[in-house]
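Got your viewer open? Load the model, switch to cartoon view, and we'll walk through it one selection at a time.

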Amino acid sequence: MKEEKQAIEVTNLTFEYPDTEEPVLKNVSFTIDYGEILGIIGPTGAGKSTLAMCVNGLVPQVISGEMEGEVFVKGIDVHESDVAAMSEHVGFVFQEPENQLSQMTIEEEIAFGMGNLGVPRDEMLVRIKDALAQVGLEGYEKRSPLALSGGQQQRLAIAAVLAMRPTIMIMDEPTSMLDPKGKNEVYDVLKNLKEYGMTGIIIDHEVERIAAYCDKVLVLDNGEVKMFGTTEEVFTEIDQLHELTLHAPQVTEFLAEYNHQFGEKVKLATTEEEAVRTFESIYK
Ligand SMILES: Nc1ncnc2c1ncn2[C@@H]1O[C@H](COP(=O)(O)OP(=O)(O)OP(=O)(O)O)[C@@H](O)[C@H]1O
């Protein structure tokens, strides 16, 4: 345990799977403050999921490999603590909802993780109710998880994590398997959690969602941190993003092109709301 300043502190993290020829993470360093959400973007195979799994200790404790560097979460050295103990601090939501659900009823599904933490039964019932309310599934306790839509299943997976009351949530492409309606449902839930001051990491290929949701962005490419800064700092470096075969949110790309075509210097907004405000102030 060391003095706890940042929620997550990763220093010079290098990781290699047993059967890869070179490290899939190379000297990665970043910090996240309490109440901040970090978005991780990067091309396929860049190492985003591996990095996320290093933060809760799944890598290298369950998925083995050779690791160097340090990962501290709430001042705890993740590699000195076991994965079960870390699940009290870090909740993980994966890409595919069905793979995370294993119980007969929604109530049992949410109770499952809490059971592993030794939460008493009375307390469990309170937390189940609270967690279902937080994800908009109140009254669904006795239903089967299989009877839910994809968006609802992913909200249930989030509820199961929330019931464990972690300080930090990591979400690895939580909406990539969902239709647009399901995606919106999940992001609406996440938006509420953010308003309650959640700290977290989210991996998503949709930069518009990252721009609207995250405080900071980390760009990973071939295991290396290529960009790290506030959402605005990263998404306004359009040329650098293009060099990495990535792109900024559509609205930022549009404004950059507008400036280029008309020789203007309109501020590069990263969300549509911000862009509308910018144009309103110019053309009022
Ligand atoms: N269990 C494993 N064993 C060996 N190599 C792995 C394992 N998991 C991932 N890799 C390799 O490590 C590299 C990084 O994979 P990772 O899944 O972390 O990338 P990613 O950025 O999350 O990709 P995607 O956007 O496709 O999800 C890839 O080359 C991948 O093939």
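Two strands count as paired if DSSP finds at least two bridges between them. Helices (H or I, at least four residues) and strands (E, at least two) are DSSP runs, numbered from the N terminus. This is a predicted model: local features need pLDDT of at least 70 and side-chain atom pairs count only at pLDDT 80 or more, while totals for chains, interfaces and linings use all residues. Residues are numbered from 1 along each chain as its sequence is written.

**Stop 1: strand β3.** Select residues 37-41. β3 pairs with strand β9 (residues 216-221) in the parallel sense, over four bridges, and Ile-41 stands opposite Val-219 in β9. Now add residues 199-203: that is strand β8, which also pairs with β3 in the parallel sense over four bridges. Look there for Ile-202, the bridge partner of Gly-39.

Is β3 enclosed or open? Five of its five residues are buried, so β3 is largely enclosed by the rest of the structure. (Buried means 20 or more other C-beta atoms within 10 Å of the residue's own, exposed means 12 or fewer, and partly exposed is in between; C-beta atoms are placed from the backbone.) Turn the strand over to see both faces covered, with Ile-37, Gly-39 and Ile-41 on one side and Leu-38 and Ile-40 on the other.

**Stop 2: the open sheet.** Next, pick out the four strands in the order β2-β1-β4-β5, an open sheet with antiparallel pairing. At its edges are β2 (25-32) and β5 (76-77), each pairing on one side only. Select β1 (residues 8-16) and β4 (residues 66-73) to see an antiparallel pair with seven bridges; Glu-9 has Phe-72 in β4 as its bridge partner.

Then add helix α1 (residues 48-55), which lies across β1, β2 and β4 and runs at about 125° to β1. (Axes are lines fitted to C-alpha atoms, for helices over the stretch in contact, and angles run from 0 to 180 degrees between N-to-C directions; contact means C-beta atoms, placed from the backbone, within 7 Å.)

**Stop 3: the ligand.** Show the ligand and the 13 residues around it; Tyr-17, Thr-44, Lys-48, Ser-49 and Thr-50 come nearest. A residue is near a molecule if its C-beta atom, placed from the backbone, lies within 6 Å of it. Colour the shell by class and you get four nonpolar, seven polar and two charged residues. (Ala, Val, Leu, Ile, Met, Phe, Trp, Tyr, Cys and Pro count as nonpolar, Asp, Glu, Lys and Arg as charged, and the others, Gly among them, as polar.)

**Stop 4: two single residues.** Click Met-169, in strand β7 (residues 168-172). Met-169 is buried, with 22 other C-beta atoms within 10 Å. Leaving aside neighbours within four places in sequence, its contacts are Gly-91, Val-93, Val-161, Met-198 and Gly-200.

Now jump to Glu-141, in the loop between α6 (121-134) and α7 (150-162). Glu-141 counts as partly exposed because it has 17 C-beta neighbours inside 10 Å. Measure from its C-alpha to that of Lys-129, 12 residues away in sequence, and you should get 8.2 Å.

**Stop 5: the two domains.** Zoom out and colour domain 1 (6-235) and domain 2 (249-283), bounds that come from an automatic or database domain assignment. Their centres, taken over C-alpha atoms, are 32 Å apart. Where they meet, seven residues of domain 1 are in contact with five of domain 2. On the domain 1 side, α9 (207-213) and α10 (231-235) give two or more residues, and α9 gives the most, with four.

How values were computed:
Two residues are in contact if their C-beta atoms, placed from the backbone, lie within 7 Å.
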